[in-house]
Amino acid sequence: MLTIEGLRKEYGAVVALQGASLTLVPGTIHALLGANGSGKSTLVKMLGGVVRPTKGTIWVDEQRLEVGSPAHAIHKGIAVSYQETSLVPSMSVADNVLLGIEPTGKAGYVAQRSLRERAAEILDQLGLNIPPDVPVGELPTNIQHLLEIGKALVKRPKYMVLDEATAALRREEVKRLFSIVCSLRDEGVAILFVSHRFDEVYAICDRATVLRNGAVVGTRSLSNTSREELIQDMIGRRISLEPVQQKTGTSFKKQAVCLKARSLTNAELRGVDLEVSAGEIVGIGGLQGQGQTALLRALIGATTVRGDLETDGHQGLFRNPSHAAGNGVRFISGDRGREGVFGQRSIYENIVIGRIATFPLWKRASQRGENQAARALVEQLKIVHHSLFQEVRGLSGGNQQKVLFARTLASKPNVVILDDPTKGVDVSTRMEIHRLLRNLAGEGVGLLIASSDDEELAEVCDRVLIMYEGQIVRELTGDLQPSHITKASIEGAQSEKGKGAETRADSL
Ligand SMILES: Nc1ncnc2c1ncn2[C@@H]1O[C@H](COP(=O)(O)OP(=O)(O)OP(=O)(O)O)[C@@H](O)[C@H]1O
Ligand SMILES: [Mg+2]
């Protein structure tokens, strides 16, 4: 059994965790829930020994865990898959996965070999078929996250901790991970599972502990706890789970087209036509990996593509993302670590950079004006912080994502293109972001949003395009339901008969 007792962590004046206690029982999956910045990752890092508690004790099988010692945590059977991963980008896949476990036994090389075999077996279970000598930094984010999980599994943990391990994964990868996790549970491993996705939590977890502002609100058995109760624990009040926006929906009156693409074609796209009007939110759905990300990248000039593009005041394809940004077309990625925030810069700098970069010198607002604008956005987005001038890397993951939004909003865009924008964002912030997207549309901005979450698409979009193998095969309008989008995605994969057809979602 693993017991956490009165764990506290202070970062200067910030209290990240204020005396948290919980117990992990062998053979169970225990969820750790809480809003962005509530202290989940801080607790996880103390379990892994990479952060030293200010106070408190962790007991593993009746013995005290040495604080701040990753080696001792591993020795006691604790393995952690970290939210922002612990991989070394310049090192190979094999070296990363085996990092931190030294081969034991007299015949070192034999042990080394069996370790490598074990690593290969685990990567195979995870569905990873990558050459072991490739530097990890060259791999896509979802693969890096799978490796992070693999790295934990290789240690044969008795206590396995997964901090938002699924946030970057594709649906089929999550399924595979869950079957591994469930068989570990059946073998008697205790698992701590951190996620913002309730469907995942209800699918595999037995119990849930909720943190709010660094304190434990309570631990509940999930079989007799509702989603609403958990959310109330998380944010301290009731919120309606009904979508908040008033969608323009079918009554959407076409305004001027602000983004028009014709015959976009490259290795991943097969002649995509697309139009987004001012004030409209267009979703891109479909099974994963059907060209959604490729399409977004092509539109902002991040990849080479053939075809035509027209935006408000600009004709032709963009040369690169800053060319697009300069013409009022902004991109927000769910992959904040890689192409989003500048971790070592302040919140302030991260927000104003987008604004300043596109302004001619003579138009740049005064420092003071920038300051106020940034402050207003930080308030509006409820970014949990202690100073506008603190480094962004000191923020929780979800709050870093909000900084990206603040930057985009500060730049007053005409078109915003979003790739899985609420990845790793808690429920109430997710609703906040959805409201924000509606407001942006209300101000006449055109939005194009790809999401792996059909619920999100149904909630926020006026129209959803379904992609299959690099083409748009369907368009859904009317009363959008998540199940309709999922169904259309699967049908898109089954046949291309529906190609080009417009389907009223309510007729599905
Ligand atoms: N290295 C650090 N320096 C200063 N403050 C920090 C540091 N790490 C975390 N914090 C603060 O501690 C609090 C808890 O952060 P933590 O990362 O544990 O949240 P979280 O619950 O994991 O959130 P998320 O769901 O967004 O990942 C936040 O207010 C954060 O800003
Ligand atoms: Mg976290």
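This is a short dialogue on reading a predicted model.

User: What should I know before I start, and what is the average pLDDT of the protein?

Analyst: The model is predicted, so local features need pLDDT of at least 70, side-chain atom pairs count only at pLDDT 80 or more, and totals for chains, interfaces and linings use all residues. Residues are numbered from 1 along each chain as its sequence is written, chains are lettered from A and ligands numbered from 1 in the order in which they are written, and side-chain values use heavy atoms, with hydrogens and water left out. pLDDT is the predictor's confidence in each residue, from 0 to 100. Here the protein averages 86, and 87% of the residues score at least 70.

User: Over which residues does pLDDT stay under 50?

Analyst: Where pLDDT is low, the predicted coordinates should not be read in detail. Residues 496-501 stay under 50, and the model has twelve contacts for them beyond four places in sequence. A contact means heavy atoms within 4.5 Å. Residues 504-508 also stay under 50, with 16 such contacts.

User: How do I read a metal site, and which residues coordinate the magnesium ion?

Analyst: Donors are N, O and S atoms within 2.8 Å of the metal (3.2 Å for Na, K and Ca); water is not among the atoms, so sites may look incomplete. In this model, Ser41 (OG) and Gln83 (OE1) coordinate the magnesium ion, ligand 2, at 2.0 to 2.1 Å. Serine 41 belongs to helix α1 (residues 40-47) and glutamine 83 to the loop between β6 (78-81) and α3 (93-98), so the pair ties together parts that are 42 residues apart in sequence. Helices (H or I, at least four residues) and strands (E, at least two) are DSSP runs, numbered from the N terminus.

User: Are serine 41 and glutamine 83 buried or exposed?

Analyst: Buried means under 20% relative accessible area, exposed over 50%, and partly exposed in between (1.4 Å probe, protein chains only). Serine 41 and glutamine 83 are both buried.

User: Which residues come nearest to ligand 1?

Analyst: A residue is near a molecule if one of its heavy atoms lies within 4 Å of it. Of the 19 residues around ligand 1, the nearest are Gly37, Lys40, Thr42, Ser396 and Gly398. For polar contacts, look for pairs of N or O atoms within 3.5 Å. A backbone N or O atom of glycine 37 is 2.8 Å from an oxygen atom of ligand 1, and a polar backbone atom of glycine 398 is 2.7 Å from an oxygen atom of the ligand. Histidine 196 uses a side-chain N or O atom, 2.9 Å from a ligand oxygen.

User: How many residues does the largest nonpolar core have?

Analyst: In soluble globular proteins, nonpolar side chains tend to be buried together. A nonpolar core is a set of buried Ala, Val, Leu, Ile, Met, Phe, Trp, Tyr and Cys residues joined through side-chain atoms within 4.5 Å. The largest one here has 50 residues, and Leu33, Leu147 and Ile149 have the most contacts inside it. Helix α6 (residues 171-186) gives the largest share, seven residues. A second, separate core of 44 residues includes Ile332, Val378, Leu395 and Val460.

User: Where does valine 282 lie?

Analyst: Valine 282 is in strand β13 (residues 281-285) and counts as buried because its relative accessibility is 0%. Valine 464 is 182 residues from valine 282 in sequence, yet their C-alpha atoms are 5.7 Å apart.

Methods. Polar contact = N/O pair within 3.5 Å; in protein donor to acceptor, adjacent residues only side chain to side chain.
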